[in-house]
Amino acid sequence: IPSVSSIVPESCLLIVVGLLVGGLIKGVGEKPPILKSEIFFLFLLPPIILDAGYFLPLRQFTENLGTILIFAVVGTLWNAFFLGGLMYAVCQIGGTGLNHIGLLANLLFGSIISAVDPVAVLAVFEEIHINELLHILVFGESLLNDAVTVVLYHLFEEFANFEQVTIIDIILGFLSFFVVSLGGVFVGVIYGVIAAFTSRFTSHIRVIEPLFVFLYSYMAYLSAELFHLSGIMALIASGVVMRPYVEANISHKSHTTIKYFLKMWSSVSETLIFIFLGVSTVAGHHYWNWTFVISTLLFCLIARVLGVLGLTWFINKFRIVKLTPKDQFIIAYGGLRGAIAFSLCYLLDYEHFNMRDMFLTAIITVIFFTVFVQGMTIRPLVDLLAVKKKQESKRSINEEIHTQFLDHLLTGIEDICGHYGHHHWKDKLNRFNKKYVKKCLIAGERSKEPQLIAFYHKMEMKQAIEMVESGGIAKIPSAVSTVSMQNIQPKILPVERALPALSKDKEEEIRKILRNNLQKTRQRLRSYNRHTLVADPYEEAWNQMLLRRQKVRQMEQKMNNYLTVPAHKVDSPTMSRARIGSDPLAYEPKADSENLPIITIDPASPQSPESVDLANEELKGSGHVSSSPEEEEEEGLVMRPKEPSSPGTDDVFTPGASDSPSNQRMLRCLSDPGPRPEPEEGEPFIPKGQ
């Protein structure tokens with residue numbers, strides 16, 4: 001029924017199925033089975049943890065390890081002591097039925113109920129497809145808080161048997177946390193290395209390769225539990241350590257077998273756990289106390305919210321990517337409780353803890369509330385808050401290469417700064433792994449070449465085998481290794497690629513087109529800033545040449561009219577500034593104008609040179625020079641063109657007989673006195689054909 005499964009998580013439906021099955025068994029007069037703690041911890045929990053540890057997203061996990069550890073250790077300790085202390089206060093005030101429950105019993109209850117359950121988190125979070133950061137924070141916390149839960153559980157269980165707890169016992173209990181957590185990791189690493197080393201010699205017995213992964217992982221879990229270490233930490237460490245080396249050694253079919261068998265095994269265990277939770281709820285002995293149950297539920301929620309808010313405020317001071325209020329809400333709301341708390345409570349001894357039934361009832365209530373209410377409402381809340389979802393697509397090779405490039409870049413920056421950070425130690429570990437560990441744990445040439453090249457060789461070999469089997473290449477032998485393929489020296493020269501025949505004319509035409517187009521690409525406009533404009537003598541020469549040619553053309557057109565020119569109108573200061581600003585090197589004051597005031601023009605004035613018709617202004621500025629001193633005094637500042645340095649000989653640049661001042665004055669006197677036609681709006685600066 002898709003409409004139901006889209007609203008209700010699978011774990012809730014399985015608990016409902018368990019409740020129905022338990023009610024049916026009880027209805028026919030039989031005693032329903034109860035989820036025994038030995039069965040849960042020895043057979044149902046390890047597959048789920050191994051699946052999570054073996055396929056753990058290692059990059060996200062290591063990058064957020066500090067945040068995960070703070071949530072897992074400090075957060076779980078806060079929840080346990082806050083909840084235990086408040087429940088002790090409730091028991092003291094709550095009446096006759098709760099007075100006999102002491103402080104240690106309440107602290108033990110708080111340590112059981114405070115830990116986030118990895119089974120429940122996996123069941124809910126995999127359905128809502130939350131982004132990788134939030135998923136790894138909540139799920140990583142649920143995995144790593146096992147060490148804290150184990151330590152507190154055994155600690156308070158032992159303290160309950162003592163007549164008096166001394167300071168030395170508390171200090172030893174604190175040190176036992178490091179022994180349990182680090183000891184579990186150490187056991188897992190040892191078994192992971194043994195599994196990787198064993199897989200190096202399994203090339204001739206591919207069938208039993210998956211067995212070693214399951215065998216050594218389970219042995220790591222049992223060895224850790226044997227010494228009261230953290231079995232979950234041992235399983236995660238063994239899975240993380242063995243995976244890169246095992247996958248390099250085993251065949252592709254063995255990898256597929258491990259993947260799907262682990263997924264199936266963990267899925268079956270998860271199903272059985274939730275069904276047994278429902279059945280055990282019907283079958284178990286319950287003692288309902290409203291005050292205790294409601295207080296437990298309320299204080300669980302308050303402790304979780306306060307813990308997440310306080311720790312996030314502290315964590316955000318050190319994180320580059322801050323945890324937003326939406327992220328904090330999802331982390332607090334995703335603190336689900338599950339079967340681990342139920343099984344730990346079921347392990348309690350009746351002789352020392354006669355209130356076990358009441359504890360079980362409160363724990364089942366909290367489990368049902370978190371799984372049903374929070375598990376069912378977290379998906380709509382994620383959609384309502386528009387929390388980023390997980391990207392389903394795989395990362396491309398381009399993204400992989402750029403990620404590795406950025407890692408190298410950040411490592412180099414840290415080395416330059418002298419800061420030994422996350423990337424520095426990661427690079428050191430990778431170098432040590434490549435230089436020593438891979439040579440011992442990976443067989444053959446695969447220990448030396450990078451993963452990308454190995455994948456390329458694998459694809460190349462696969463394609464060659466497919467071509468041989470299909471008859472595409474008859475000359476290559478059917479079974480040849482990659483190394484021997486590379487060493488084959490071809491005796492016959494390879495056949496040249498057939499090119500289409502082109503005639504000489506066609507080829508020359510193509511070359512001409514390419515030559516013209518390739519040259520045109522270099523003719524780009526000069527980009528400059530008018531505040532930092534540097535004069536280019538060649539550019540000035542070409543501009544002067546174009547202006548002179550246009551001036552000659554205009555003079556030739558006006559030679560037909562033999563009329564004198566009226567007195568030249570004095571230019572405005574703005575026009576003079578624009579004219580000089582367009583080309584300040586081409587103008588200078590007259591030599592005999594010492595008595596005239598010198599006007600200094602700022603070339604970087606706001607007047608835009610493009611708004612002035614430079615050809616006409618050149619003509620007016622340099623052409624209309626009056627011949628008498630009286631006219632010079634009326635005109636004020638007189639400018640004259642400077643002789644440019646031409647890049648080559650040109651008839652315009654080479655001064656002739658007609659370039660003398662008297663001839664120029666004669667030409668100006670014989671020019672057209674009529675009104676000059678206004679240039680059209682779309683007319684180019686230099687007309688075509690000039």
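Leaving aside its neighbours within four places in sequence, which residues is Thr76 in contact with? In this predicted model, the partners of Thr76 are Phe71, Ser114, Ala115, Asn145, Val148 and Thr149. Thr76 itself belongs to helix H5, which covers residues 65-93. With a relative accessible area of 2%, Thr76 counts as buried, because the cut-off for that label is under 20%.

From here, let's turn to a pair of helices. Helix H6 spans residues 103-114, and helix H8 spans residues 132-159. The axes of H6 and H8 are 9 Å apart, and the two helices pack at an angle of about 160 degrees. Angles over 145 degrees count as roughly antiparallel, so that is how H6 and H8 run relative to each other. The crossing of H6 past H8 is left-handed. If you would like to find this contact on screen, look on H6 for Leu104, Leu107, Leu108, Ser111 and Ile112. On H8, the residues to pick out are Thr149, Leu152, Tyr153, Phe156, Glu157 and Phe159. Sorted by character, the residues of the contact of H6 with H8 come out as eight nonpolar, two polar and one charged.

Ile112 is a good place to pause. Not counting residues up to four places away in sequence, Ile112 touches Tyr153, Ala341, Leu344, Cys345, Leu348 and Ile363. Ile112 also has a place in the largest nonpolar core, which holds 121 residues. Within that core, Phe40, Leu45, Ile112, Phe292 and Phe359 are the ones that touch the most other members. Helix H8 gives the most to this core, contributing 16 residues. Apart from this core lies another one, made of five residues, among them Tyr245, Ala248, Leu441 and Ile442.

Two of the partners of Ile112, Ala341 and Cys345, lead us to one more helix pair. Helix H15 (residues 339-346) packs against helix H16 (residues 356-384) at an angle of about 175 degrees, and their axes lie 10 Å apart. That angle makes H15 roughly antiparallel to H16. On the H15 side, the contact involves Ala341, Phe342, Cys345 and Tyr346. Facing them from H16 are Arg356, Phe359, Leu360, Ile363, Ile364 and Ile367. The residues of the contact of H15 with H16 divide into nine nonpolar, no polar and one charged. Phe359, which takes part here from H16, is also one of the residues named above for touching the most other members of the largest nonpolar core.

Technical notes:
Residues numbered from 1 in each chain as written. Predicted model: local features only at pLDDT ≥ 70, side-chain atom pairs only at ≥ 80, totals over all residues. Heavy atoms only, no water. Core = buried A, V, L, I, M, F, W, Y, C linked by side-chain atoms within 4.5 Å. Buried < 20%, exposed > 50% of the residue type's maximum accessible area, 1.4 Å probe, protein only. Helix = DSSP H or I, 4+ residues; strand = E, 2+ residues; numbered from the N terminus. Contact = heavy atoms within 4.5 Å. Axes fitted to C-alpha atoms, helices over the stretch in contact; angles between N-to-C directions. Parallel < 35°, antiparallel > 145°, perpendicular 65-115°, else oblique. Nonpolar A, V, L, I, M, F, W, Y, C, P; charged D, E, K, R; others polar. Left-handed = near helix turned anticlockwise from the far one by under 90°.
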